[in-house]
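I opened the notebook to go through this one piece by piece. Strands come up before charges, and the odd backbone angles come at the end.

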Amino acid sequence: MLHILLVCGTGASSGFMAKNIRKAAKEENLEINVKARSDSEIKEYIESIDLLLVGPHLRYMLNDLLQIAAPYHVPVRIIDERAYGSLDGKSVLDFALKCIQEEGKKVSL
């Protein structure tokens, strides 16, 4: 199972996005666990995730997030603004799967 943490400022908008990603994964019969949280909660989850997805409005935090994630070998990616703004769960799911593939992570779906 793929474990994704999706963060935004307060966790509200990412909650809607996470729901749409889960729906898209279910439609494709993929086992994916997507949690939506505030950026202040990353350290609580970093050890148990395969991918950290970040809302585009937090792009300014990317270097800090990369440093937090590096010891755990967790890739960090910024979600496309259009996909995030339209809450396009399918596009973000495809993006997440591509990121995992690029990293060469072995995750069973």
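**Strand pairing**

I started with Leu5, which stands opposite Leu52 in strand 3. Note to self before going on: this is a predicted model.

I then pulled up the pairing around that spot. Strand 1 and strand 3, the latter covering residues 51-54, pair in the parallel sense. I got four bridges between strand 1 and strand 3.

Next I looked up the other neighbour. Strand 2 (residues 32-38) runs parallel to strand 1, and seven bridges join the two. Within that pairing I checked His3, whose bridge partner in strand 2 is Asn33.

Is strand 1 mostly covered or mostly open? I went through residues 2-8, and six of the seven are buried, so I noted strand 1 as mostly covered.

**Salt bridges**

I searched the whole structure and found five salt bridges. I wrote up three of the pairs below.

Which residue does Lys90 meet at 2.7 Å? The partner is Glu28, and 2.7 Å is the distance between the closest N and O atoms. I checked where the two sit: Lys90 is in helix 5 (residues 89-103) and Glu28 is in the loop between helix 1 and strand 2, so this pair ties together parts that are 62 residues apart in sequence.

I looked up accessibility for both. Lys90 is partly exposed at 39% relative accessible area. Glu28 also comes out as partly exposed, at 32%.

Lys90 turned up again with Asp94. Their side chains meet in a salt bridge at 2.9 Å, N to O. Both lie in helix 5, four residues apart, which is about one turn of the helix. Asp94 has a relative accessible area of 34%, so I put it down as partly exposed.

Putting those entries together, I get a network of salt bridges that links Glu28, Lys90 and Asp94.

The third pair I looked at was Glu102 with Lys98, where the closest N and O atoms are 3.9 Å apart. The cut-off is within 4 Å, so 3.9 Å still counts as a salt bridge. Glu102 and Lys98 are both in helix 5 and four residues apart, about one turn of the helix.

Are Glu102 and Lys98 exposed or partly exposed? Glu102 is at 51%, and exposed means over 50%, so Glu102 is exposed. Lys98 is at 49%, so it counts as partly exposed.

General reminder I jotted in the margin: side chains of opposite charge can pair when their charged atoms come close.

**Positive patch**

I then asked which residues form the positive surface patch. They are Lys19, Arg22, Lys23 and Lys35. Helix 1 (residues 12-27) gives the most to the patch, with three residues.

I picked Lys19 for a closer look. Lys19 lies in helix 1, and its relative accessible area is 56%, which makes it exposed. Patch members need over 30% relative accessible area, so at 56% Lys19 clears that bar.

**The loop between helix 3 and strand 4**

I went to the loop between helix 3 (62-69) and strand 4 (76-78), where I found Pro75. Pro71 is in that loop too, and so is His73.

Which of the two prolines is buried, and which is exposed? Pro75 has 5% relative accessibility and counts as buried, whereas Pro71 is at 56% and counts as exposed.

I took two C-alpha distances from here. Pro75 and Val7 are 14 Å apart in space and 68 residues apart in sequence. Pro71 and Tyr45 are separated by 13 Å, with their positions 26 residues apart along the chain.

**Positive phi**

Last lookup was backbone angles. Most residues other than glycine have a negative phi.

What is the phi of His73? I read a value near 60°, positive in a residue other than glycine. His73 is exposed, at 62% relative accessibility.

Asn29 was another one, with phi near 55°, again positive in a non-glycine residue. Asn29 is in the loop between helix 1 and strand 2, and at 66% relative accessibility I logged Asn29 as exposed.

Key. Residues are numbered from 1 along each chain as its sequence is written. This is a predicted model: local features need pLDDT of at least 70, side-chain atom pairs count only at pLDDT 80 or more; totals for chains, interfaces and linings use all residues. Side-chain values use heavy atoms; hydrogens and water are left out. Patches are made of residues with over 30% relative accessible area and no salt bridge: like charges are joined within 9 Å, nonpolar side chains (Val, Leu, Ile, Met, Phe, Trp, Tyr) within 5 Å. Accessible areas come from the Shrake-Rupley method with a 1.4 Å probe; for residues, only the protein chains shown count as cover. Lys and Arg count as positive and Asp and Glu as negative; His and the chain ends are not counted. The place of a charge is taken as NZ of Lys, CZ of Arg, CG of Asp or CD of Glu. Buried means under 20% relative accessible area, exposed over 50%, partly exposed in between (1.4 Å probe, protein chains only). Two strands pair if DSSP finds at least two bridges between them.
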